[in-house]
Amino acid sequence: MADATPSTTTPSATRCGRCQAALNESERVTAGDRVFCRTCYDILKLQLRTGVAAMSQDINYPMAAVGALLGGIVGALAWWGVTVLTKIGFGLVAVVIGLLVGHGTLRFAGGKRSVGLQIMAVAVGTLSFLVAVYLVNMTFINELLAQRGDTLRVSFPPKGLAMFYNVIAANFGIMKLVFLAIIMYEAWFIPRPIKLPSA
Ligand SMILES: [Zn+2]
């Protein structure tokens, strides 16, 4: 019975979480809430590093650009619609542009992440916001022109960069700068590469 066969391993021996080998105090490596033998730990670490590296390789940038632009268009239209309807530039909608561009990039890149995707998302997010601001100002300026009986209208797309700039610059204050900063932060943050602790 129990006392007839002296056990060679202690009943509560710690076992490797991968190969089940019994581990003594000096052999075990703790990773999070699990314990592994040195060999298994090295194998798992290598697999993890390979997986993380693959996440930033072979990225379909044209596809990711489609996702970013789709997010930007939907976000810009939402900002335009809400602002024209309410006459208030809600910061929350600016947040939506950043979220849509960031997640559009990430989804259409098949979940891949890289600095290149981050830069692209920030560029598309910024452009989307500027277009959204242009559309809002265009609407209000055209309303004003119509009230005055003026036949002149601000068009979309704008007739040249000067028109684009002047319409946006008409009322570009500190709040718009804050919204833009939020959008850029989100677009940068969402498709960021995963970093492993260098241990
Ligand atoms: Zn093991």
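**Exercise 1. In which order do the elements of the protein run from the N terminus on?**

Solution. Start by walking along this predicted model from the N terminus: the elements read β-β-β-β-α-α-α-α-α-α. Then check your tally, which should come to four strands and six helices.

**Exercise 2. What radius of gyration does the protein have, and what would a compact globule of 199 residues have?**

Solution. Take the reference first: for 199 residues, a compact globule would come out near 16 Å. Next, turn to the model itself, where the radius of gyration is 28 Å. Finally, look at the box that the C-alpha atoms fill along the principal axes, roughly 105 × 30 × 25 Å.

**Exercise 3. Describe the burial, surface and charges of the protein.**

Solution. Begin with burial: 32% of the 199 residues count as buried. Now the surface: about 12200 Å² is exposed, and carbon and sulfur atoms supply 67% of that area. For the charges, count 17 positive and 9 negative side chains; the centres of these two sets are 10 Å apart.

**Exercise 4. Is Ala169 buried, exposed or partly exposed?**

Solution. First locate the residue: Ala169 belongs to helix H5, which covers residues 161-169. Its relative accessible area is 37%. Buried would need a value under 20% and exposed one over 50%, so Ala169 is partly exposed. As a last step, find Asn137, 32 residues from Ala169 along the chain; the C-alpha atoms of the two are separated by 9.6 Å.

Notes
Residues numbered from 1 in each chain as written. Predicted model: local features only at pLDDT ≥ 70, side-chain atom pairs only at ≥ 80, totals over all residues. Heavy atoms only, no water. Helix = DSSP H or I, 4+ residues; strand = E, 2+ residues; numbered from the N terminus. Rg over C-alpha atoms; globule rule 2.2 N^0.38 Å. Buried < 20%, exposed > 50% of the residue type's maximum accessible area, 1.4 Å probe, protein only. Areas by Shrake-Rupley, 256 points an atom, 1.4 Å probe, with all protein chains shown as cover. Lys, Arg positive; Asp, Glu negative; His and termini not counted. Charge placed at Lys NZ, Arg CZ, Asp CG, Glu CD.
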